[in-house]
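Here are my notes on the model you sent over. Have the strands open on your screen while you go through the points.

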Amino acid sequence: MKPSILLTLTATAASTSASTLPFKFRRDTVPTDTNTPNRRLLHSPPTNTGSISGSHIKAASSINNRPQSLRAGAYLPYHPPASTPDHPTQNQDMIQSVTGSLVIPTISMPVSGPTAGNSVGEYSASLWVGIDGASATDSFTHPGSTANASCNPLAASLRAGVDIFWDGTLGGQQTPYVWAQWYPAENARGFLDFKASPGDELRFTVSTGPHGNSGGGVLVENFGPPQSPKGVDGRVKIPIATGSLIWKDMPPLCSAQASWIIEDFPLQERPELPTALGNFTDVRFSEVGVVTWLGGNFTGDEVLGKDKLKMLEIYDAGQGGTLAKCKTDGEGEKKSVVCSRVVEA
């Protein structure tokens, strides 16, 4: 990915121990378009840290002591190189931009595990590309801090993604919702008149200002189905829809993780629990790229082939155990991360 096509912004432009079975919640109105859900995911971790009596909950601790993890995918922790006499400031380098593409998967009712077979239930999954937000297991020192303060990449993140839904009372698979968010400063926001369908290829570019504290922006492009023509020569991609958002004067990021993630978020109407994870077709994060503020430009195998790349999987004992696993696939510029829906106790 060439730096010139990335959305570059300057300083002025800026786990819980319980899980839920599919549930129904009150709707005040039914949308005219029955394939468009009138609810949204919360895009933040569940607020509950234990089982809730009187609801369809299975306490994870009663099945397995393994902690719950609601993210699958891959992330690259970026630790800048040490300073040298010739490059005295390179230890202050940070991630400027992260890119990734995916084809919106289809989603259906799970056929195995505790959440399977609820024909009037609801299932979902969220897929996103971002800066930070993947894991708190890495320790970083924020280059923008004069006191060399440590920085937690889970505390704040900039991300853009797509939510997929299946609702048995509304005919099954629903219209995907494309969104972006500076977490936790604000809720996720959609894009005006931006439409997407299962099978469409989306490319996300997420960028932030120096030291992650001067704002940032996202660019989302929809190229339609992958088999559709890509320009007059069959190679150049021409989007059928684009959306962008810009933020200014936002809370700082660590700008230390490049993230390609599938996440099981709660619904806005029920923030205490994750939704039941849908049965989705394989998700491939491709065309991955990372650009840093001091000129680093990494793509394909340069990103996913690094020995520091870390993989995540979704684990929720109440939903059956391991629910999503990922691996790298391919070589060179075509190297990608492929995530599959599973049920493994």
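1. Start with strand 19 (residues 283-292) and strand 24 (residues 336-344): they run antiparallel and are joined by three bridges. Strands here are DSSP runs of E with at least two residues, numbered from the N terminus, and two of them count as paired if DSSP finds at least two bridges between them. For a landmark, look at Arg284, whose bridge partner in strand 24 is Val338.

2. A word on the ground rules. This is a predicted model, in which local features need pLDDT of at least 70 and side-chain atom pairs count only at pLDDT 80 or more, while totals for chains, interfaces and linings use all residues. Residues are numbered from 1 along each chain as its sequence is written, and side-chain values use heavy atoms, with hydrogens and water left out.

3. Strand 24 also pairs with strand 23 (residues 321-329), again in the antiparallel sense, over seven bridges. Two pairs help you find the register: Lys325 has Ser340 as its bridge partner in strand 24, and Asp329 stands opposite Ser336. The two strands make a hairpin with six residues between them, and Gly330 in the turn has a positive phi of about 90°.

4. Going the other way, strand 23 pairs with strand 22 (residues 314-316), antiparallel once more, over three bridges. Here Tyr315 stands opposite Thr322 in strand 23. This hairpin has four residues between the strands, and Gly320 takes a positive phi near 120°. When you check side chains along these strands, keep one rule of thumb in mind: in a regular strand they alternate between the two faces of the sheet.

5. Now for the charged pairs. How many salt bridges does a search of the whole structure find? The search finds eight, counting a side-chain nitrogen of Lys or Arg within 4 Å of a carboxyl oxygen of Asp or Glu. One of them ties back to the strands above: Asp329 forms a salt bridge with Arg284, with the closest N and O atoms 2.9 Å apart. This pair links distant parts of the chain, since Asp329 sits in strand 23 and Arg284 in strand 19, 45 residues apart.

6. Are these two residues buried or exposed? Asp329 is partly exposed at a relative accessible area of 33%, and Arg284 is partly exposed too, at 37%. The scale is simple: buried is under 20% relative accessible area, exposed is over 50%, and partly exposed is in between (1.4 Å probe, protein chains only).

7. Two further salt bridges are worth a look. Arg270 and Glu272 meet through their side chains at 3.0 Å, N to O; Arg270 is buried at 17%, whereas Glu272 counts as partly exposed at 21%. Glu186 and Arg189 meet at 3.2 Å, N to O, and here Glu186 is partly exposed at 21% and Arg189 is partly exposed at 33%.

8. Last, please look at Ser157, which lies in strand 9 (residues 157-167). Ser157 is buried, with a relative accessible area of just 1%. What is Ser157 in contact with, leaving aside its neighbours within four places in sequence? The list is Ile131, Asp132, Gly133, Gln181, Trp182, Tyr183 and Leu253, where contact means heavy atoms within 4.5 Å. Tyr183 is 26 residues from Ser157 along the chain, and their C-alpha atoms are separated by 5.2 Å.
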